[in-house]
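User: Please take a close look at the cavity inside this protein, at what surrounds it and at how the surroundings fit into the rest of the chain.

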Amino acid sequence: MKKYILPVISALLLISCNKIEEKIDQTVQKTTETVQQKAQQAVEETVKKTVSESINSLTNSQDVKFSQVFPDGGKPVVSEDTGKKFKFPNGSEGYIFKYKSDIAILLPFLEKQPSSDENKSDETARKIDGQSIIDKISFVSKFLPENTFDTSFLEDIKSDKNIEYYKLKRLPYNSTIIYNPKNQTVIQYVEVNK
């Protein structure tokens, strides 16, 4: 009888150890899956929150007049001006304006605006190639929900070869100007450097 007890006990121990090992493997696998799911959920929530904050920042922008940012001393330089002030999630501010103006009057006016650091500011606006601007606007517009930002003008500036592009840095403002000479419409993006 002793001959049989030892092998039976050994076999039972081996089966028991295998079941314990199998149960440990299942527990580890289940825990790993749970941790991965929780991590994925945390990443998704963080991304949604960041995108939501960014969109809210842009959609909760404030109306602003051109003359509030660039005082004109009572001599209006632009007409039909509409603008928005917004804040990015990183805390930086910006403005976007759409108005009508003669570029021959507008550029000298902007060049004469006071600067917080004359050594790091441009004296004159420089004409630039607009492709990089078009690419940036196209890229950003892909991530915004519909009706957040009117991108219809993007098709106009892509197809019209007469559109002119300018950059002017008069600290704390860094302006990108898109000018349509046909109808004297200006779209100006102003980044505030602090």
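Analyst: By class, the lining of the largest cavity is made up of four nonpolar, two polar and one charged residues. In this predicted model, the residues that line the largest cavity are Phe70, Leu110, Gln113, Leu168, Arg170, Tyr173 and Ser175, and strands S5 and S6 each supply at least two residues of that lining. The space in this cavity comes to about 40 Å³, and the count of cavities of 30 Å³ or more is one.

Leu110, one of the lining residues, offers a way into the surroundings. Leaving aside its neighbours within four places in sequence, Leu110 is in contact with Phe66, Phe70, Leu168, Arg170, Ile177 and Gln188; among these partners, Phe70, Leu168 and Arg170 also belong to the cavity lining.

Two of the lining residues, Phe70 and Leu110, also stand out in the largest nonpolar core, which has 22 residues and in which Phe66, Phe70, Phe97, Leu106 and Leu110 touch the most other members. Two or more residues of this core come from each of helix H2 (66–69), strand S3 (93–100), helix H3 (103–111), strand S5 (164–170), strand S6 (173–180) and strand S7 (185–192), with H3 giving the most, five residues. Apart from this core there is a second, separate one of nine residues, which includes Ile134, Ile163, Ile178 and Ile187. In soluble globular proteins, nonpolar side chains tend to be buried together.

The loop between S5 and S6, the two strands named for the lining, holds Pro172, and the peptide bond that joins Leu171 to Pro172 is cis, with omega about 10 degrees. Further along, in the loop between S6 and S7, lies Gln184, a residue other than glycine whose phi is positive, near 60 degrees. Gln184 is partly exposed, its relative accessible area being 34%. As a background to both loops, most residues other than glycine have a negative phi, and most peptide bonds are trans.

For the setting as a whole, the chain contains five helices and seven strands, which follow one another along the sequence in the pattern α-β-α-β-β-α-β-α-α-β-β-β. Of its 194 residues, 29% count as buried, and among contacts with a separation of 6 or more, 54% are between residues 24 or more positions apart. The chain exposes about 13,700 Å², of which carbon and sulfur atoms supply 55%.

Technical notes
Residues numbered from 1 in each chain as written. Predicted model: local features only at pLDDT ≥ 70, side-chain atom pairs only at ≥ 80, totals over all residues. Heavy atoms only, no water. Core = buried A, V, L, I, M, F, W, Y, C linked by side-chain atoms within 4.5 Å. Buried < 20%, exposed > 50% of the residue type's maximum accessible area, 1.4 Å probe, protein only. Helix = DSSP H or I, 4+ residues; strand = E, 2+ residues; numbered from the N terminus. Contact = heavy atoms within 4.5 Å. 1 Å grid on protein atoms, 1.4 Å probe; cavity = no way out; pocket = protein on both sides within 12 Å on 5 of 7 lines; lining within 4 Å. Points joined across faces, edges and corners; volume = space filled by probe spheres on them. Nonpolar A, V, L, I, M, F, W, Y, C, P; charged D, E, K, R; others polar. Areas by Shrake-Rupley, 256 points an atom, 1.4 Å probe, with all protein chains shown as cover.
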